[in-house]
Amino acid sequence: MSLLTDKKLLMGNEAIALGAIEAGVQVVTGYPGTPSTEALETIARYANRCGIYAEWSSNEKVALETAVGAAYSGAKALVTMKQVGLNVASDPLMSLSYIGVKGALVLLVADDPGPHSSQTEQDTRAFGHFANIPVLDPATPQEAYELTKLAFELSHEFEIPVILRTTTRVSHSCGDVEVEAAEPAPVEAIEGGFVKDRRWTIFPKLTAERHPWLESVQEKLSERFSELSFNSVSGSGKIGIIASGVSALYVKEAIEAVRGFKELFTLFRVGTVYPFPEKAALSFLKGIDWLIVAEELDPYLEEQVLQLIGKAHLPVDVYGKKNGFFPVSGEYNVDIVIDSINRALAAYGESLRLSRASPAVSREKLPPLPIRAPTLCAGCMHRNVFYAFKQAAKQLKKESQTDTIFSGDIGCYTLGNAYPLNMVDTCLCMGAGISLAGGLSRTNPKAKNVAFIGDSTFFHSGIPAVINAVYNGADITLAVLDNRTTAMTGHQPHPGVGLTVLGNTSKAIEIADVVRSCGVEFVRTVNTVEPDSLESCIKAAKEAMNFNGPSVLVFKGKCVGITKPDKYYTIKPEVCTGCGFCIKELGCPALNLAGDKPVIQDNCSGCGLCAQICPSEAICIGGVKL
């Protein structure tokens with residue numbers, strides 16, 4: 001069955017998905033997280049046709065363990081996640097490197113230099129080194145496609161999981177990709193299945209036996225990687241540059257503007273970053289006088305070449321992050337790489353200087369991009385809940401001089417920290433808001449402690465924290481913001497929705513039932529959809545905060561990114577006093593000033609929160625959207 005044409009314009013994540021299908025992937029699991037999400041979503045579009053099983057799992061740990069079970073049975077499996085998701089999956093992963101797999105297992109882990117949408121800038125190359133798991137690092141959609149296929153080959157041959165590490169620019173950039181027609185192997189085609197073996201049960205004795213094997217695999221892979229075309233040398237100059245991933249493309253663009261660059265520079269592009277291809281790197285190093293290292297995030301390549309230079313006693317000076325020539329954090333671009341290379345050239349005494357712009361285009365003259373502060377969408381149900389708790393906290397402060405601490409979490413509702421809501425005092429990682437509130441309650445017993453969490457995050461890692469709060473009697477209030485989707489990463493389904501990534505109907509798990517089964521005594525479900533819901537939300541918030549012990553409110557609503565409004569609001573200019581209370585209190589992007597009075601713009605989603613707080617009752621339903 002031919003699925004693919006000779007050439008396609010593909011996003012990096014789409015190229016990875018088609019590479020996995022080409023490699024014969026049979027089981028795909030993951031948890032949505034930018035910038036990795038589109039890979040699984042692309043496979044899901046082909047899944048039924050190809051006989052591939054795909055799922056959004058409840059978190060990355062569960063996703064990896066599910067894929068491991070399939071790989072133990074001889075299947076080819078893929079797991080997708082972003083870099084912070086690898087932290088969640090790290091417990092099974094560290095043990096898995098010792099045990100290995102029977103079929104093939106590839107982990108797509110998307111790093112986020114910048115970061116654009118993440119808590120950290122952690123570097124998965126270092127994680128692979130730490131876990132003794134091979135890491136492949138593509139620079140383009142074409143390489144992403146090819147390295148995905150290689151990852152499955154290596155995993156099957158060496159019986160070890162393999163990490164395909166991308167970054168935001170690789171995952172989300174588009175390019176022409178030469179692809180081949182795939183003949184998928186459906187799950188039903190797996191022969192043999194799981195065979196019982198002591199190897200699958202990790203105990204200290206097995207670990208001691210397998211560790212030497214694991215180290216020997218690293219040596220064999222290093223030898224193999226040195227022979228692969230993904231680790232390529234171009235140019236013949238005495239100025240050496242080593243780079244990997246998208247940084248290699250920045251370097252290539254920077255130096256190609258120089259006349260005769262091939263006689264001045266030698267570029268070593270590393271596509272298989274761990275185990276480090278020592279043999280190929282040593283051959284490269286022996287042909288240069290000094291070395292520039294260009295890489296985003298950790299100085300991983302720099303450390304590898306420094307060790308190799310020391311071991312081989314080579315007279316090569318290195319210019320990289322460790323001696324201040326390249327930025328130690330943040331996302332790179334061509335201009336940053338040019339400036340960094342120029343600093344290294346000047347320090348070495350080289351008169352050559354790279355230009356930041358071609359004669360035709362000057363980057364320095366381009367106008368700056370407009371700044372758009374992140375904010376909750378117009379009409380987002382989360383704003384209603386945040387505002388309700390803000391009012392409830394004010395009333396409690398007035399009545400009993402009690403302060404309230406608000407612990408946030410990862411998702412759209414993190415934006416509750418923005419002015420004028422200012423409703424997120426802590427934010428650490430997924431599911432941590434509940435546990436943080438529990439800890440704060442021990443050290444701030446006179447304060448009310450409220451934790452906010454989304455529905456998808458609740459299923460991801462919130463449930464153990466709820467159990468802990470009940471078990472240890474933490475006096476906290478949990479507000480679950482249930483808009484029935486994983487909104488931040490593109491509206492993927494989760495266990496509370498009743499729909500799988502393949503479009504199949506499943507059992508929708510009610511959050512209120514889950515927390516009751518955990519032993520929470522105070523559980524209420526609050527509807528935020530009704531146009532007069534603010535007062536009921538405030539009342540519920542006060543009752544929950546006054547309860548002694550763990551209390552849970554499940555706020556039900558709709559994501560305005562999915563459910564389009566059927567009405568909108570307007571402001572009666574003859575009634576409006578121009579006080580601006582609606583703008584100052586809510587920060588809704590649909591509210592703006594026109595002269596000295598507020599107006600409601602076309603992006604109104606019809607939630608009616610502004611109408612409920614207007615002191616002059618000047619806001620009303622303006623009509624029906626067709």
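Two strands are said to pair when DSSP finds at least two bridges between them, and that criterion underlies the hairpin with which this account of a predicted model begins. In the hairpin of S21 and S22 there are two residues between the strands, and glycine 595 takes a positive phi near 75 degrees. Strand S21, made of residues 591-594, runs antiparallel to S22 and is joined to S22 over four bridges; within this pairing, leucine 591 stands opposite isoleucine 600 in S22. The side chains of strand S22 (residues 597-600) alternate, with Pro598 and Ile600 pointing to one face, where they are buried, while Lys597 and Val599 point to the other and are not buried. In a regular strand, the side chains alternate between the two faces of the sheet.

**The two open sheets**

One open sheet of five strands follows the order S15-S16-S17-S19-S18, and its pairing is parallel. Strand S15 (404-407) and strand S18 (522-527) are its edge strands, each pairing on one side only, and the twist averages 20 degrees from one strand to the next. Inside this sheet, S17 pairs in the parallel sense with strand S19 (residues 551-556) over six bridges, and aspartate 482 stands opposite lysine 556 in S19. Helix H14 (residues 381-400) packs on the sheet and touches S15, S16, S17 and S19, while helix H18 (residues 533-546) also packs on the sheet, touching S15, S16, S17, S18 and S19.

Another open sheet of five strands has the order S9-S11-S10-S13-S14, here with mixed pairing. Its edges are formed by strand S9 (232-235) and strand S14 (317-319), each of which pairs on one side only, and the twist from one strand to the next averages 20 degrees. Strand S13 (residues 290-294) and S14 pair in the parallel sense over three bridges, with valine 318 in S14 as the bridge partner of leucine 291. Helix H13 (residues 334-348) lies across strand S10 (239-244), S13 and S14.

The directions of the helices that lie on these sheets are set out below.

| Helix | Reference strand | Angle between directions |
|---|---|---|
| H13 (residues 334-348) | S13 | about 160 degrees |
| H14 (residues 381-400) | S17 | about 160 degrees |
| H18 (residues 533-546) | S18 | about 170 degrees |

**A pair of helices**

Helix H11 (residues 278-285) and helix H12 (residues 300-312) pack at an angle of about 70 degrees, with their axes 11 Å apart. Angles of 65 to 115 degrees count as roughly perpendicular, which is why H11 is described as roughly perpendicular to H12. Where they meet, H11 contributes Glu278, Ala281, Leu282 and Leu285, and H12 contributes Leu308, Ile309, Lys311 and Ala312. By class, this contact has six nonpolar and two charged residues, and no polar ones.

**The bent helix H16**

Helix H16 (residues 455-471) bends by about 70 degrees at serine 461, and proline 464 follows within four residues. Its buried residues are Asp455, Ser456, Thr457, Phe458, Phe459, His460, Gly462, Ala465, Val466 and Ala469. These buried residues pack against helix H3 (60-72), helix H4 (83-99), helix H15 (432-443) and helix H17 (511-517), and also against strand S16 (448-454) and strand S17 (477-482). After H16 comes glycine 473, whose phi is positive, near 65 degrees.

Methods. Residues are numbered from 1 along each chain as its sequence is written. This is a predicted model: local features need pLDDT of at least 70, side-chain atom pairs count only at pLDDT 80 or more; totals for chains, interfaces and linings use all residues. Side-chain values use heavy atoms; hydrogens and water are left out. Axes are lines fitted to C-alpha atoms, for helices over the stretch in contact, and angles run from 0 to 180 degrees between N-to-C directions. Angles under 35 degrees count as roughly parallel, over 145 as roughly antiparallel, 65 to 115 as roughly perpendicular and the rest as oblique. Contact means heavy atoms within 4.5 Å. Ala, Val, Leu, Ile, Met, Phe, Trp, Tyr, Cys and Pro count as nonpolar, Asp, Glu, Lys and Arg as charged, and the others, Gly among them, as polar. The bend at a residue is the angle between axes fitted to the seven residues ending there and the seven starting there. Buried means under 20% relative accessible area, exposed over 50%, partly exposed in between (1.4 Å probe, protein chains only).
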